[in-house]
Amino acid sequence: MSVIKKEKGIVIALDVKDVHSALALAREFSTLQGNFAIKVGRPLEMQAGYKIIPAIKEASQLPVIYDGKIADIPYISSSIARIAYEAGADAVIVHGFVGKDVIKSILDLNMGDVIVVISMSHQGSAQYIDLVAKNMADMVNALEVNGVVLPATKPKLTSSLASILKEEVYILSPGIKAQGADVGDAIKAGADYEIIGRAIYNSLNPKQKAEEFYKKVREV
Ligand code: C5P
């Protein structure tokens, strides 16, 4: 069973430039009403180390996804994932292009959700990754993966892959606002969560913005 629910919601990408503002925002998000999770990525990790994971989790009282975009050999990938889970991450994000053995090494830890990137929201993803996105979706279906990342900026690709994924696999979709897609676009294409960073944390009232976006996502 997945920790992250397969239900429409928002994943807030907390890629802010300093730890103090990250913690202040996380505290603000603790009173959010709705289905939210926080994504902690490399920008915060590079500043504060893995201890930022429990700090954000405690401050926000929300599920935390560690987005290390893990892409190494199984031994190293599972070591990174283990540190994140032990620190309190509910889920970790791993690249799909590294192959089945890497993903299996993280699944075998059995410590939380495993989310696999099968396409990305930037243009360069079309150069290599998107060419094998369908193969990655098939690989995900053959494993007990909990979720996948598919881009809001490529609704056709997202909806065609969403239609072949196993029912219980949830889809997180970045690329909203700052990268061009609109709130709700990914949900229309079959995603469960929209990952939104800058459009929330750079706004004048991030908590209010997050709730406004959540309302839109629920209305799709
Ligand atoms: O600020 P913005 O809303 O563009 O942030 C998007 C977030 O989603 C970033 O944290 C980025 O790392 C992440 N992401 C992405 N494309 C993927 C996977 C994750 O943009 N395929």
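**Helix α6, a helix crossing and the ligand shell**

In helix α6 (residues 133-141), A133, M136, A137 and V140 are buried, meaning that 20 or more other C-beta atoms, placed from the backbone, lie within 10 Å of a residue's own. Seen down the axis of α6, these buried residues fall within an arc of 105°, so they line one face of the helix; the arc is taken from the directions from helix axis to C-beta atoms. An α-helix has 3.6 residues a turn, so residues three or four places apart point the same way. On the other side of α6, N135 and N141 are exposed (12 or fewer such neighbours). The cover over the buried residues includes β5 (113-117), β6 (147-149) and α7 (155-162), with contact meaning C-beta atoms within 7 Å.

The model is predicted: local features need pLDDT of at least 70 and side-chain atom pairs pLDDT 80 or more, while totals for chains, interfaces and linings use all residues. Residues are numbered from 1 along each chain as its sequence is written.

The axes of α4 (residues 74-86) and α5 (residues 100-107) come within 8 Å and cross at roughly 35°, on lines fitted to C-alpha atoms over the stretch in contact, with angles from 0 to 180 degrees between N-to-C directions. Here P74, S77, S78 and A81 of α4 meet D101, V102, S105 and I106 of α5. This contact comprises four nonpolar, three polar and one charged residue.

Turning to the ligand, A13, M120, P174, G197 and R198 come nearest among the 20 residues around it, where near means a C-beta atom within 6 Å. At least two shell residues each come from β2 (36-41), β8 (193-196) and α9 (198-201).

Note on methods: Helices (H or I, at least four residues) and strands (E, at least two) are DSSP runs, numbered from the N terminus. Two residues are in contact if their C-beta atoms, placed from the backbone, lie within 7 Å. Ala, Val, Leu, Ile, Met, Phe, Trp, Tyr, Cys and Pro count as nonpolar, Asp, Glu, Lys and Arg as charged, and the others, Gly among them, as polar.
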